[in-house]
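This report introduces a protein model to a reader who has not met it before. It turns to charged pairs and then to the nonpolar interior.

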Amino acid sequence: MIGSGFIIGFGIQTLVEVSFTASIIGNSEIIYCPYLLIVVGILSFVMTPMGFYSIILNDKKLMVTHMFATFFLGGMCAMTAVLGYHLNAHVSIEIIKENRKFCVQVTSKDMETWMKQSIREDYGNPMAPHIQEEWNKAHQQFKCCGYRNMNDFVKSKWYMMQKKLPKRRIPDSCCASCATMHERFCVAFFKDPVQETEKLMVNQTICLQASEGCLSADTSIANREVCLQHSTDYRLSADAYRHTNGCLHPIRSTLEFFSFRIFIYSSMFCVILLLSTLIWLVVHEMSRPILPFRLIK
C-alpha cells in the first residue's frame, strides 16, 4: 500500500508540474504516463485489502480474481515503462564517445523541430489558444523565453499578425515577475555575498529599481514597459526584466528527470506486481490446483 501511495503521488506531481508541455514538445506520453500511474496506484491500493480478505476467508474465487487483476496491473505498469522509455528517448541527449578525448552529443531533433514549429506557426493561432497558454506557462515556470532565445518570436506568425506599432518582439510571459526579480537581484546578495564590486552595485541598483514597481514578491510583471522596450528610461536594463534564455534546455532537463523516473518506478512496480501474482498462484495451488500440473508436490 505504501508503494501504491508513492506511485499515486508521483503521478499527480508529474501531471501537475509538466504534463502541460505535451503540446510544446509534441509528445502526449507525458500525459498518458502519469494517468496510467495514478490508475495503477489506485487499483493496487484497493486490491491489497481484497487479497488479505481472500486469505482470511479462504475464498478461492476472490483469490483467483485478485491474482488475475494483479497480473493485469503488472501489464499496465510494463506498458507505462515502455512509454516512459520512449518519452525519455524523445527528450534526452545521447552522448557518444568516439575516443578518450572527444565525445559527441546527439540531440533529439523531433523535439527541437516541434518546438521551433510551434513557436513560428502555432503561437498566437486563434484556432489553438491552448498552445499559447502552455507556452506562456512554460515561460513563467522555467523562466525562459522562446525556443532558443527570445528572438524566436520575431520570425513567428504571432509577430507578423500584429497590427499595432511598435510591434511587440516578445510576449508578456517573457517578462520577469516581481518574485523573479527579487530572487535574481535582491536575494542573490545574501546567497552569494562574495561578488565583484561592480556586479554587486548593478544588482543593488536593479533591485531598488524593481522595488519601485513591485509591492511584493508576487507573480505580477515587474516592469512591463521596460521589458517590452516601450519605456524611454534608458537607465533601466531591458534584459534584466526579461527571461532571455530559451526554453529548450530547461524543459529538456526537467522532462529527462521525470521520464527516467517514470521508466524506473513503473519497471520496479511491474516486477513487484508480477512477483505478487506468482506468489498468489503458488498459494492457491497449494490448496486447490487450477493448473493441469502441480507446482508443489
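## Salt bridges and core

In this predicted model, E112 and R148 form a salt bridge in which the closest N and O atoms lie 3.3 Å apart. The pair connects distant parts of the chain, since E112 belongs to helix α5 (residues 109-122) while R148 sits in the loop between α6 (129-142) and α7 (157-160), 36 residues apart. E112 counts as buried because its relative accessibility of 6% falls under 20%, whereas R148, with a relative accessible area of 48%, is partly exposed.

The structure holds 7 salt bridges, and three of them are set out below.

| Salt bridge | Closest N to O distance |
|---|---|
| E112 and R148 | 3.3 Å |
| E225 and R224 | 3.9 Å |
| R242 and D239 | 3.1 Å |

In the pair of R242 and D239, R242 is buried at 8% relative accessibility, while D239 is partly exposed at 42%. E225 is partly exposed, with a relative accessible area of 37%, and R224 is partly exposed as well, at 32%. R224 and E225 also belong to a network of salt bridges that includes R168 and D172.

Turning to the interior, the largest nonpolar core has 62 residues, of which M115, W135, M181, Y241 and I251 touch the most other members. Helix α12 (residues 248-287) supplies the largest share of this core, 8 residues, and at least three residues come from each of domain 1 (1-94 + 248-287) and domain 2 (145-247). Leaving aside neighbours within four places in sequence, M115 is in contact with I24, I25, W135, Y147, C247, L248 and I251.

Note on methods:
Residues are numbered from 1 along each chain as its sequence is written. This is a predicted model: local features need pLDDT of at least 70, side-chain atom pairs count only at pLDDT 80 or more; totals for chains, interfaces and linings use all residues. Side-chain values use heavy atoms; hydrogens and water are left out. A nonpolar core is a set of buried Ala, Val, Leu, Ile, Met, Phe, Trp, Tyr and Cys residues joined through side-chain atoms within 4.5 Å. Buried means under 20% relative accessible area, exposed over 50%, partly exposed in between (1.4 Å probe, protein chains only). Helices (H or I, at least four residues) and strands (E, at least two) are DSSP runs, numbered from the N terminus. Domain bounds come from an automatic or database domain assignment. Contact means heavy atoms within 4.5 Å. A salt bridge is a side-chain nitrogen of Lys or Arg within 4 Å of a carboxyl oxygen of Asp or Glu.
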